[in-house]
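The exercises below are meant to be worked through with the sequence and the model side by side. Try each task before reading its solution.

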Amino acid sequence: MAELRLEDLSASNIVAANQLSLKPGQEQFIAPVTYSAESSVVNPDTAWQRVARLEDRVVGFIHGNFDPENEHEEFRACIWRINVDAEVQGQGVGRFLTQALAEEAKRRGFDHITVLWEPGEEGPGEFFHRIGFRDIGETAYGDVIGALEL
């Protein structure tokens, strides 16, 4: 695989990020119930949004959140959303995006990042476990809380 590049989400790449394809069955796992209940609006002061490019093509998107004062510990340094185009899943794009967010979290003084996911056979739990997240709890809505130590 050619080298991946990280790029800020911008007007020039947002359409491509919104058009990333999914494998059949993945659409139900796009946003865990907890995230939908917690926030319907992106806070530009705490959001960290990037795309992964492979050559000239957007192949992944990550939305992180850095809010050290958040009343919910799992939202202080977290992956809010990560999408990898179906054609390149399993080729390191998700790991690349997660590592970029982890490096930013460490730079900001955090010692771990979190992510929430809805449990299910087609869901992202296996991916997060494979790259080092461990289950640390469950939300009131039944979503898994995973953490990656930095």
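Two residues are in contact when heavy atoms of theirs lie within 4.5 Å. The model used throughout is a predicted one.

**Exercise 1. Describe the overall make-up of the protein chain: which elements does it have, and in what order do they run from the N terminus on?**

Solution. Begin by counting the elements, which gives four helices and seven strands. Next, follow the protein chain from the N terminus, where the order reads β-α-α-β-β-β-α-β-α-β-β. Then turn to burial: of the 150 residues in the protein chain, 45% are buried. The area that the protein chain exposes comes to about 8,200 Å², and carbon and sulfur atoms supply 45% of that area. Finally, look at the contacts with a separation of 6 or more, of which 64% are accounted for by residues 24 or more positions apart.

**Exercise 2. Locate I131, decide whether I131 is buried or exposed, and list its contacts beyond its neighbours within four places in sequence.**

Solution. The first step is to place I131, which sits in the loop between α4 (125–130) and β6 (134–138). The second step is to compare its relative accessible area of 14% with the cut-off of under 20%, and therefore I131 counts as buried. The third step sets aside the neighbours within four places in sequence, after which I131 is found in contact with R95, T98 and L148. As a last step, consider G94, which is 37 residues from I131 in sequence, while the two C-alpha atoms are 9.2 Å apart in space.

**Exercise 3. Examine helix α3: compare its reach with the expected one, and work out which of its residues are buried.**

Solution. Helix α3 covers residues 93–107, and its 15 residues reach 21 Å from the first C-alpha to the last, close to the 21 Å expected at 1.5 Å a residue. Its buried residues are V93, G94, L97, T98, A100, L101, A102, E104 and A105. When reading such a list, recall that an α-helix has 3.6 residues a turn, so residues three or four places apart point the same way. Just after α3, G109 adopts a positive phi of about 95°.

Now take E104, which lies in this helix. Its relative accessible area is 13%, under the 20% cut-off, so E104 is buried. The side chain of E104 makes a polar contact with the side chain of R107, at 2.6 Å. Not counting residues up to four places away in sequence, E104 also touches W48 and F66.

**Exercise 4. Start from N70 and trace its surroundings as far as an aromatic pair: which residues does N70 contact beyond its neighbours within four places in sequence?**

Solution. First, find N70 in the loop between β3 (57–66) and β4 (77–84). With a relative accessible area of 17%, N70 is buried. Leaving aside the neighbours within four places in sequence, the contacts of N70 are with F75 and R76.

The next step turns to aromatic rings, for which a search of the whole structure finds six pairs. In the pair of F75 and W80, the ring centres are 5.3 Å apart and the planes meet at 55°, so the pair is tilted rather than stacked, which needs under 30 degrees, or edge-to-face, which needs over 60. Both partners can then be checked for burial: F75 is buried at 2% relative accessible area, and W80 counts as buried at 18%. To finish, note that ring pairs also link W117, F127, F128 and F133 into a cluster.

Note on methods. Residues numbered from 1 in each chain as written. Predicted model: local features only at pLDDT ≥ 70, side-chain atom pairs only at ≥ 80, totals over all residues. Heavy atoms only, no water. Helix = DSSP H or I, 4+ residues; strand = E, 2+ residues; numbered from the N terminus. Buried < 20%, exposed > 50% of the residue type's maximum accessible area, 1.4 Å probe, protein only. Areas by Shrake-Rupley, 256 points an atom, 1.4 Å probe, with all protein chains shown as cover. Phe/Tyr/Trp six-rings, centres within 6.5 Å; stacked < 30°, edge-to-face > 60°. Expected span 1.5 Å × (residues − 1). Polar contact = N/O pair within 3.5 Å; in protein donor to acceptor, adjacent residues only side chain to side chain.
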